[in-house]
Amino acid sequence: MKARILCDAGHFSKQNRYKNYYEGDAMWSLMQYFMQELEKYDIEVGSTKKTINGHPKDKNGNDDVYARGTMAAGWDALISFHSNACDDEKVNRIVVIPPISGAGDPLAKKLGAAVSEVMGIPNVQIYKRNNGAGRDYYGIIRGAAAVKTVCIIIEHSFHTNYAAAK
């Protein structure tokens, strides 16, 4: 049976700007490339949105990250693409965020190693965060877990680091 991977470019066009870099645009492009590469391996791919600004909305018109996670029902995994930001332009590491349950740990390690190799960034951090109630902090991970799918968030280094963003 064919593997099925759902992909998620985490932000809208022109969001999270740093100098001439926009996280939303860069991650949309990266996701498109990733999906094309997976198809070469006969993996079925899908996206949580049809256009760069096509995220599902909640009743107030806000991006509904939990709903994006639940879109992974029936998929083998959901991978959400991001880049991080901070006040120190020298910070340069890959951050991979699996569910706190441990269900995605092997995949998170493999994805982190692959991104590290491609980007030439040796520092990979596997990061887990709970919401204080023993559940995953990130809505997309919680949504995917609710439909029994592992979601991994990948922070492709820090876009506040010019070399990494480039």
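Q: Which residues count as positive and which as negative?
A: Lys and Arg count as positive, whereas Asp and Glu count as negative. In this predicted model, the mean positions of the 21 positive and 18 negative charges are 2 Å apart.

Q: How many helices and strands does the protein have, and where do they fall along the chain?
A: The protein has five helices and eight strands. Read from the N terminus, their order is β-β-β-α-β-α-β-β-α-β-α-β-α. The radius of gyration is 15 Å, close to the 15 Å given by the globule rule for 166 residues, so the protein is as compact as a globular protein of that length.

Q: What box do the C-alpha atoms fill?
A: Taken along the principal axes, the box is roughly 40 × 35 × 35 Å.

Q: Which share of the contacts joins residues at least 24 apart?
A: Among contacts between residues at least 6 apart in sequence, the share is 74%.

Q: What part of the protein is buried, and what does the protein expose?
A: Of the 166 residues, 42% count as buried. The protein exposes about 9,000 Å², and carbon and sulfur atoms supply 50% of this area.

Q: Does His-159 count as buried or exposed, and why?
A: A residue is buried when its relative accessible area is under 20%. His-159 counts as buried because its relative accessibility is 4%. His-159 lies in the loop between strand 8 (150-158) and helix 5 (162-165).

Q: Which residues is His-159 in contact with, beyond its neighbours within four places in sequence?
A: Among them are Asn-16, Tyr-18, Glu-23 and Ser-83. The side chains of His-159 and Ser-83 are joined by a polar contact of 2.6 Å.

Definitions and conventions
Residues are numbered from 1 along each chain as its sequence is written. This is a predicted model: local features need pLDDT of at least 70, side-chain atom pairs count only at pLDDT 80 or more; totals for chains, interfaces and linings use all residues. Side-chain values use heavy atoms; hydrogens and water are left out. Helices (H or I, at least four residues) and strands (E, at least two) are DSSP runs, numbered from the N terminus. The radius of gyration is taken over C-alpha atoms; the globule rule is 2.2 Å times the number of residues to the power 0.38. Buried means under 20% relative accessible area, exposed over 50%, partly exposed in between (1.4 Å probe, protein chains only). Contact means heavy atoms within 4.5 Å. Accessible areas come from the Shrake-Rupley method with a 1.4 Å probe; for residues, only the protein chains shown count as cover. The place of a charge is taken as NZ of Lys, CZ of Arg, CG of Asp or CD of Glu. A polar contact is a pair of N or O atoms within 3.5 Å; within protein, one must be able to donate a hydrogen and the other to accept it, and residues adjacent in sequence count only if both atoms are side-chain atoms.
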